[in-house]
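Q: Please take a close look at one part of this structure. I am new to it, so explain the terms as you go.

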Amino acid sequence: MIMEAELREACARVTKEFELYPHLSEAVYQRALQLELQERGHTVVAEVVKPVMYNGMHVGTVRADLVVHNRCADDFVLELKRVPKILPGHIDQLRTYVALTAERQVKQYMEPCDVRGAVVNFGRAPAEIHFVDTPEWASGKERSPSRARSRSRSRSPDPEDVRLANESW
């Protein structure tokens, strides 16, 4: 599996290689990072299309810039940017890609998975990188009932809480 330090090193090498050409397109950085990761022994696929489903019907697609396929491990999704800074919308975009990838792996292999990802911004030197994990709801892992209940906004009040509240009046 690609490790955070290895990704940082690969991005630093790409950034250094292009330091004399500050206005290259995102596509150039994408291809260079793909080649750099492949040289390091990873299987990297560009422009991976992920289907978006609604009630079992295909309603559209999203396209991940790079996906690193790992032997005996889960995929790693890379969303590349060339902007002044990473914004929350960029991270949300990556979270969507990571969740769709995780859901597909859970359906395909029928077991929980931990797809990870990173937004890589080549608009700064050194490259700015923000890592993201699989959202729990997309990983296929069971949540404990107590934890699920504690996140609910519409849960019934605990009888003990009601009793204590009534006593304080």
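A: What follows is a description of strand 3 and of an aromatic pair that involves it. The model is predicted, with local features needing pLDDT of at least 70, side-chain atom pairs counting only at pLDDT 80 or more, and totals for chains, interfaces and linings using all residues. Residues are numbered from 1 along each chain as its sequence is written, and side-chain values use heavy atoms, leaving out hydrogens and water.

Strand 3 covers residues 76-81; helices (H or I, at least four residues) and strands (E, at least two) are DSSP runs, numbered from the N terminus. Of its 6 residues, 6 are buried, so strand 3 is largely enclosed by the rest of the structure. Buried means under 20% relative accessible area, exposed over 50% and partly exposed in between, with a 1.4 Å probe and protein chains only. Both faces are covered: F76, L78 and L80 lie on one side, and V77, E79 and K81 on the other.

Strands pair if DSSP finds at least two bridges between them. Strand 2 (residues 57-69) runs antiparallel to strand 3, joined by 3 bridges, and V68 stands opposite F76. Strand 4 (residues 116-121) runs parallel to strand 3, with 6 bridges; there, A118 is the bridge partner of L78.

F76 is buried at 2% relative accessibility, and F131 is buried at 15%. Their ring centres are 6.4 Å apart and their planes at 65°, so the pair is edge-to-face. Rings of Phe, Tyr and Trp (its six-membered ring) pair if their centres lie within 6.5 Å; planes under 30 degrees apart count as stacked, over 60 as edge-to-face and the rest as tilted. F131 lies in strand 5 (residues 128-133), so the pair ties together parts 55 residues apart in sequence.
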